[in-house]
Amino acid sequence: MAAYSSLTSPISTCPVANYISSVAYQKNHNTLNSSMFQSPIRHKKLMSRSRCSNINGYSSKTIAVSLQPEEELKTEKQERKVAVTGMGVVTPLGHHPDVFYSNLLEGVSGISEIEGFDCSKFPTRIAGEIKSLSTDGWVSPKHAKRADKFMLYILTAGKKALADGGVTEQINEEFDKIKCGILIGSAFGGMKTYHEGIEASKISYKKVRPYTIPYATTNIGSAVLAMDLGWMGPNYSISSACATGNSCILNAAHHIIKGDADIMLCGGSDAAIIPAGLAGLVAFRALSGRNNDPTKASRPWDTDRDGMVVGEGAGVLLLEEMEHAKRRGANIYAEFLGGSFSSDAYNIVEPHPDGLGIVSCIEKALTQSGVAREDVNYINAHASSTPIGDLIEYQALMQCFGQNPELKVNSTKSMIGHLLGASGAVEAVATVMAIKTGWLHPNLNLENPDKCVDREVLVGSKKERFDIKVALSNSFGPGGHNSSILFAPYKQI
């Protein structure tokens, strides 16, 4: 039986009370063959470089952030901890976390010429495009035929995260469904679906498909995934532009910490590589025009960067309350420590020139998570290869962590481009994989680093063996949305 049917929960025939009752979890479960799961010198140097000026005419002096004393902000130690027990991805570099991260470690680029439509008249004709994806065994034929790609990415990555987390059909049936939730968002939602609806309406309202509105909304992926799994806990989506993935992960973790849920699927998805999407981004004047050499186009912190490269895909994490994960014998990849948000409240397009919003976001994330700044030694940066944004983020990182001689920073976008609302989630997967493997992926195309950055801080052109203490992943979005999330290796006590 196909996965979508085997995991569909016929709520109409099962009393809700069956789902509310508590479940005794076994310590270990054998994975079933369900069809779903088959188919200080350096410090001085760093800080001096972090004070480079003339970025868009602004001075980047040390940023002064008004914060309450740490003792006042520090939250009580949470008894409910959050574990990462599963991961799923759909990316230009592969549709399994191991394949995806192996390609990252080898410095493979997923950026190429766009093949999905004729873009010969566009000034930008390259992207981190997904050339093919099989949804067999993951998505019902009904949805596979008519759903927008962003929704198909959510369903596929979400169920793969469950499979990766050892959640078989039998184990899923044992879960208290009221305590299982889904929070997967999107920046653009079903953009192709909505665009097609508009075009059809120009002919006649009768030509508009019945599912145009539901399939265009950002929540539809979370909703349908919940229907397939019978999960009745918190279920919605968040849209915070390119910070969407992080926003969803952090809020999902909060639901677990507060006790609203024991297990959450969370992340982000976007599929905006269509004529209208590309045209909008071209008009936004954010894209690289390096059409003749696609694999060299995305180059964070390099002096020759000329803009970001748009990408598509999805990333989903399976977050679980720590004791819940232990009771069922789950494999724990990492511990989610916390994070925070902030707003630049400055400009729709540009980040705050002094990085004020970024610094305040990171500072709050550290304080509220109880993490010492000296313990953060790896950062998966937002760095999207834009002339201004890369340096503002770098200076903010130096403001917060410049005294750490072990600090290493890289950008996953150098190889897959900017996956918009999915970027934070996919980069969270890359961050957890770095913790899992002990390897940091290279910064591709960092051939001539900007004079304001330190080569010793940035990972070089080859992968590097590294012992991560605490990892931070940043995501920022147009409108001034900032988000920072923290992960650490799981240490069994």
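Me: Why is the pairing of D98 with K436 called a salt bridge?

Reply: The closest N and O atoms of D98 and K436 are 3.2 Å apart, and the name therefore fits, as a salt bridge is a side-chain nitrogen of Lys or Arg within 4 Å of a carboxyl oxygen of Asp or Glu. Please keep in mind that this is a predicted model, in which local features need pLDDT of at least 70 and side-chain atom pairs count only at pLDDT 80 or more, while totals for chains, interfaces and linings use all residues. Residues are numbered from 1 along each chain as its sequence is written, and side-chain values use heavy atoms, with hydrogens and water left out.

Me: What makes the pair D98 and K436 a tie between parts that are apart in sequence?

Reply: D98 belongs to helix α5 (residues 97–105) and K436 to helix α18 (residues 423–437), so the salt bridge ties together parts that are 338 residues apart in sequence. The helix names follow DSSP, where helices are runs of H or I with at least four residues and strands are runs of E with at least two, numbered from the N terminus.

Me: How do you know whether D98 and K436 are buried, partly exposed or exposed?

Reply: The relative accessible area is 38% for D98 and 39% for K436. Buried means under 20%, exposed means over 50%, and partly exposed lies in between (1.4 Å probe, protein chains only), so D98 is partly exposed, and K436 is partly exposed as well.

Me: Which of these words fits E129, and which fits K131?

Reply: E129, with a relative accessible area of 7%, is buried, whereas K131, at 41%, is partly exposed. These two residues also form a salt bridge, in which the closest N and O atoms are 2.6 Å apart.

Me: How many salt bridges does the structure hold, and which residues are linked to K296 in a network of them?

Reply: The structure holds 22 salt bridges, and R299, D302 and E447 are linked with K296 in a network. Within this network, K296 forms a salt bridge with E447, and their closest N and O atoms are 3.0 Å apart. K296 lies in the loop between α13 (275–283) and β7 (313–321), and E447 in the loop between β11 (439–440) and β12 (464–465), so the pair ties together parts that are 151 residues apart in sequence. K296 counts as partly exposed at 29% relative accessibility, and E447 counts as partly exposed at 41%.

Me: What makes the link between the side chains of S186 and D270 a polar contact?

Reply: The two side chains come to 2.8 Å. A polar contact is a pair of N or O atoms within 3.5 Å; within protein, one atom must be able to donate a hydrogen and the other to accept it, and residues adjacent in sequence count only if both atoms are side-chain atoms. A polar atom of the S186 side chain also lies 2.8 Å from the backbone oxygen of S269. S186 itself sits in the loop between β4 (180–185) and α9 (191–203), and its relative accessible area of 0% makes it buried.

Me: How do you know whether the span of helix α7 is close to the expected one?

Reply: Helix α7 (residues 149–164) has 16 residues and reaches 22 Å from its first C-alpha to its last. The expected span is 1.5 Å times one less than the number of residues, which here comes to 22 Å, so the span of α7 is close to the expected one. At the start of α7, a side-chain oxygen of D148 reaches to within 3.1 Å of the backbone nitrogen of F150, and just after the helix G166 takes a positive phi of about 75 degrees.

Me: Why is α7 described as largely enclosed?

Reply: Of its 16 residues, 13 are buried, so α7 is largely enclosed by the rest of the structure.

Me: How do you know whether L407 and V470 are buried or exposed?

Reply: L407, in the loop between α16 and β10 (408–410), has 0% relative accessibility and therefore counts as buried. V470, in strand β13, is buried at 7%. The C-alpha atoms of V470 and A488 are 4.6 Å apart in space, although these residues are 18 apart in sequence.
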